[in-house]
Amino acid sequence: MATIETTGLTKSFGDVHAVEDLDLTVEEGEIFGFLGPNGAGKSTTINLLLDFIRPTSGNIEVLGIDAQERPAAVRRRVGVLPEGFGFDDPLLGREYLEWAIETKEADDDPDELIDLVGLTGDADRLAADYSTGMQQRLAFAMALAGDPDLLILDEPSTGLDPNGIQNMREIVREQAERGTTVFFSSHHLAEVEAVCDRVGVMNEGELVAVDTIEGLRESAGGPATIQLECATPPTELGVADLDVVTDVAVDERTLSVTCTGASAKVDVVTHVAERAEIVDILSESVSLEALFNDLTDGGRDGDDADSEQAATEVAQ
Amino acid sequence: MSVRTVAKQDFLSARRSRALWFATTLFALLAVLIAYGSQGYRLSATEQVQNTFRSFGMVLAVLLPIVALVASYMSIAGERESGGIKFLLSFPNTRRDVFLGKLASRLAVVAAGLTFIFLAATAVAVARHGAFPVGVVLGTYLVSLLYGSVFVAVAVALSSAVGARSRAIGAAVGSYFVLIVLYLVPTIRITALVQWVHDTMLGMEPNPHLYDAVTYTSPYIAFRKALNLVLPTEMQQEVFRGSLEAGGELPVYLTDEFSLVVFAVWLTVPLVVGYVRFEGSDLE
């Protein structure tokens, strides 16, 4: 049974389709990254999953429970880190957390959760006086209360310092190892790349890709580059005549080849190896960022010249 | 019981609200001043205290709705604006739990404040005049509780139906104006207005009972009528002069007892409407 399953899910605000005909399946135990630029419909989808807003059409099942009919039953088994929450009441961090544990009818030790998210020593201060990052940590601790079967994290790294992000990633991984499904929305590519098993990419209310990161890379269009350092200057090897090669450059003993896709690199290496001695191979994989830009047409900034450059950038 | 956890958290934070403590203390001081200063002409000790609570009732009629509205108008709209509602609903709470929890908490806040104010007033009045007319004191207290609850219900209902602070303020001020001020300012005479519409515009036979019945829809009028239920006859107010002048027996819907029906309607209808709206809305 899938942990999250939406079929034909549509949410319109007036004429604007925030989410359109979304079929999303998140399997049990996986860390699913939900990626997209601002306004792609990520938060709207999460709000729908939690019944904060009601769909225009379509169905949502979370943990096999209809999200509209029995929202409280869903919430009993889900830990949520919502986006744009508020800690406005004059309550201590510890009190918020205790409330979370009590509401979940759980028996967690508040101090343990406080230590886990790195708020040791700050629990007895007013949560309203916390910094954004500390509030995020507290919210994360509250989400972890009651050992949920599904964690829904909406832009979890907002306001966190690098240590906080690192810590959160570790906790997410630990949770996943214990069988918790994690649904993770972000526009932070690195974050998703670092923790997620599978990724879904949203753009303008539609799911434009769902795959593993490897799979996405694999299927990523666009040119791939490979550099081969050879023992002797690699001239007249006939590399340019290969169908998959679009560009060749030779600089002393280094051969730079641009080919149509990642898999074409193998052909290039095989071809060269048969004709010359290869000393070193430097292969540059297509980054998720380039992919992301590809899939989302550069997001909101798609018309800028920058995104053109970003789309062709490659990771180390 | 999620209603309880929502209410408990809300009550705890309300208890720490400096503004609420300030307002309650101020109100209690006012009550003490009234209790101390109230001095009727040629009255027995018991009558003095009864008279004190009668005056106190008049003040409550105007001020208690303000306290109740201020204590409740942000109850749900505030959570919607700050995103706190997402927290409440990220946990195993239904919207019904949030609605009822907030309502219960704010009712408790206003009841606690009112109790404090009454204790202060009673202590001073009893100490000053040396008499304790339990019936009038307790009766005024209970009627005030009911009156305060009406405004908590109205404010929570309005608060759940709007999504932002600014609109919640508007709704609270608007309801005070429509439910109290219109009946309070002597030169605005709702009865005269109704009479004009009914007799002149629609050209119907004069019907003084009807004019008064229209004003009876105000909880302010209902409160004044309800106080008659607990005050001794000679201290009661004749709220519906028009019907009295017309002579004859008052119809059931203009009796003092009917004020309880008016309260009951105000306690339920806004809540039902507010809840239905809240249940169906998108909370972003």
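Which residue's side chain meets that of Asp97(B) in a salt bridge? The partner is Arg96(B), and the N to O distance is 3.9 Å. This value, like the others in this report, comes from a predicted model.

**Salt bridges**

Asp97(B) has a relative accessible area of 7%, so this residue is buried, the limit being under 20%. Arg96(B), at 45% relative accessibility, counts as partly exposed. Also in chain B, salt bridges with shared partners join Asp10(B), Glu79(B), Lys102(B) and Arg106(B) into one network.

Over all chains, the search of the whole structure finds 20 salt bridges. Three pairs, each with its N to O distance, are listed below.

| Residue | Partner | N to O distance |
|---|---|---|
| Arg77(A) | Asp149(A) | 2.8 Å |
| Arg125(A) | Asp122(A) | 3.2 Å |
| Asp97(B) | Arg96(B) | 3.9 Å |

The salt bridge of Arg77(A) with Asp149(A) links distant parts of the chain, as the two residues are 72 residues apart. Arg77(A) belongs to helix α2 (residues 71-77) of chain A, while Asp149(A) is in the loop between α5 (132-144) and β7. Arg77(A) counts as partly exposed at 34% relative accessibility, and Asp149(A) counts as partly exposed at 33%.

In the pair Arg125(A) and Asp122(A), the arginine is partly exposed with a relative accessible area of 34%. Asp122(A), at 21% relative accessibility, is also counted as partly exposed, because the buried class holds residues under 20%.

**Strands of chain A**

Strand β6 (residues 78-81) of chain A is covered on both faces. Val78(A) and Val80(A) are buried on one side, and Gly79(A) and Leu81(A) are buried on the other. Four bridges pair β6(A) with strand β7 (residues 150-154) of chain A in the parallel sense. Within this pairing, Gly79(A) has Leu151(A) of β7(A) as its bridge partner.

In strand β11 (residues 224-230) of chain A, the side chains alternate between a buried face and one that is not. Ala224(A), Ile226(A), Leu228(A) and Cys230(A) make up the buried face, whereas Thr225(A), Gln227(A) and Glu229(A) point to the other. β11(A) runs antiparallel to strand β13 (residues 254-259) of chain A, and six bridges join the two. Leu228(A), from the buried face, has Leu255(A) in β13(A) as its bridge partner.

An open sheet of four strands in chain A has the order β2-β1-β4-β5, with antiparallel pairing. Its edges are β2 and β5 (65-66); each has a single partner strand, so one side of each lacks a neighbour in the sheet. Inside this order, five bridges pair strand β1 (residues 4-13) with strand β4 (residues 57-62) of chain A. Thr10(A) stands opposite Ser57(A) in β4(A).

**Negative surface patch**

Edge strand β2 also contributes to a patch of negative charge on the surface. Which element gives the largest share of the negative patch? Strand β2 (residues 16-26) of chain A does, with three residues. The patch gathers acidic residues of chain A, among them Glu5(A), Glu20(A), Asp21(A), Asp23(A), Glu61(A), Glu204(A), Glu206(A) and Asp294(A).

One member of the patch, Glu204(A), is found in the loop between β9 (198-203) and β10 (206-212) of chain A. Glu204(A) has 61% relative accessibility and therefore counts as exposed, the class that begins over 50%.

Technical notes
Residues are numbered from 1 along each chain as its sequence is written. Chains are lettered from A and ligands numbered from 1 in the order in which they are written. This is a predicted model: local features need pLDDT of at least 70, side-chain atom pairs count only at pLDDT 80 or more; totals for chains, interfaces and linings use all residues. Side-chain values use heavy atoms; hydrogens and water are left out. Patches are made of residues with over 30% relative accessible area and no salt bridge: like charges are joined within 9 Å, nonpolar side chains (Val, Leu, Ile, Met, Phe, Trp, Tyr) within 5 Å. Accessible areas come from the Shrake-Rupley method with a 1.4 Å probe; for residues, only the protein chains shown count as cover. A salt bridge is a side-chain nitrogen of Lys or Arg within 4 Å of a carboxyl oxygen of Asp or Glu. Lys and Arg count as positive and Asp and Glu as negative; His and the chain ends are not counted. The place of a charge is taken as NZ of Lys, CZ of Arg, CG of Asp or CD of Glu. Buried means under 20% relative accessible area, exposed over 50%, partly exposed in between (1.4 Å probe, protein chains only). Two strands pair if DSSP finds at least two bridges between them.
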